[in-house]
Amino acid sequence: MSRLQRAKQFMPFAALKGFETLLAAVARPKEMRVELSEDQLEELNRTIQSLVEGDFVRVLYYTGHCYTELLGVIEAIGRPAHSLSVEGVAIAYKDIKEINLYD
C-alpha cells in the first residue's frame, strides 16, 4: 500500500453531514421573552393603532428563541388576527417588544 493510500485511511470522516451545525444551533443560549409593563403595553398599542399599510417601521420582535430587529414597509395589518406583515414576515402583536415609525 502506498503512503498516500495509508494516509487517506486516517483522514477525518464526517459521517453525519450538518450535525455539527445542528448541535451549534441547539447549544445556542435561548433569550428569554421580556414582559412589558402596563405603560409600555399602552404605548405599544397606541403606536400599532396609528399604523397604516405602507408605513416604514422598525420592529423588534420575539422569534421563539431571541429578539430580532426588522426594518421595512408594512404590507398588511390584520387587526382581527392581531398581526402585521413587514417585508413578507408575519409578526403577531404579542411578540412585538418595540415598534418605531419612520417618515
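# Notebook: surface, fold and salt bridges

I began with D39 in this predicted model, and I noted that D39 counts as exposed because its relative accessibility is 58%, with exposed meaning over 50%. I then looked up where D39 sits, and found that D39 belongs to helix α3, which runs over residues 38-50. I also recorded that D39 joins E38, E42 and E43 in forming a negative surface patch.

**Entry on the overall fold.** I counted three helices and five strands in the protein chain, and reading along the sequence I wrote down the pattern α-α-α-β-β-β-β-β. I looked up the extent of the C-alpha trace, which spans about 75 × 30 × 25 Å along its principal axes. I set the radius of gyration of the protein chain, 23 Å, against the value near 13 Å that a compact globule of 103 residues would have. I also noted that buried residues make up 24% of the 103 residues in the chain.

**Entry on F10 and L16.** I placed F10 in the loop between α1 (3-9) and α2 (19-27), and I marked F10 as exposed because its relative accessibility is 68%. How far apart are the C-alpha atoms of F10 and A81? I found a separation of 58 Å between these two C-alpha atoms, for residues that are 71 apart along the chain. L16 is likewise found in the loop between α1 and α2, and I recorded L16 as exposed, with a relative accessible area of 59%. I noted further that L16, together with F19, L22, L23 and V26, makes a nonpolar surface patch of about 510 Å².

**Entry on backbone angles.** I checked H82, which is not a glycine and yet has a positive phi of about 55°, and I located H82 in the loop between β2 (67-78) and β3 (83-86). I then turned to E87, a residue other than glycine whose phi is also positive, near 50°. I found E87 in the loop between β3 and β4 (89-92), and I entered E87 as partly exposed on the strength of its 43% relative accessibility.

**Entry on salt bridges.** I found four salt bridges in the structure. In one of them the side chains of E69 and R58 meet, at 2.5 Å from N to O. This pair links distant parts of the chain, since E69 is in strand β2 and R58 is in strand β1 (residues 56-62), 11 residues apart. Is R58 buried or exposed? I wrote R58 down as buried, because its relative accessibility is 14% and the cut-off for buried is under 20%. R58 also meets the side chain of E98 in a salt bridge, at 2.8 Å from N to O. R58 lies in strand β1 and E98 in strand β5 (residues 96-102), so this pair ties together parts that are 40 residues apart in sequence. Of the two acidic partners, I noted E69 as partly exposed at 47% relative accessibility, and E98 as partly exposed with a relative accessible area of 31%.

I last looked up D95, which forms a salt bridge with K94, the closest N and O atoms being 3.5 Å apart. I recorded that salt bridges with shared partners join R33, K94 and D95 into one network. Within that network I noted D95 as buried, at 15% relative accessibility, whereas K94 counts as exposed, at 65%.

Methods. Residues are numbered from 1 along each chain as its sequence is written. This is a predicted model: local features need pLDDT of at least 70, side-chain atom pairs count only at pLDDT 80 or more; totals for chains, interfaces and linings use all residues. Side-chain values use heavy atoms; hydrogens and water are left out. Patches are made of residues with over 30% relative accessible area and no salt bridge: like charges are joined within 9 Å, nonpolar side chains (Val, Leu, Ile, Met, Phe, Trp, Tyr) within 5 Å. Accessible areas come from the Shrake-Rupley method with a 1.4 Å probe; for residues, only the protein chains shown count as cover. Lys and Arg count as positive and Asp and Glu as negative; His and the chain ends are not counted. The place of a charge is taken as NZ of Lys, CZ of Arg, CG of Asp or CD of Glu. Helices (H or I, at least four residues) and strands (E, at least two) are DSSP runs, numbered from the N terminus. Buried means under 20% relative accessible area, exposed over 50%, partly exposed in between (1.4 Å probe, protein chains only). The radius of gyration is taken over C-alpha atoms; the globule rule is 2.2 Å times the number of residues to the power 0.38.
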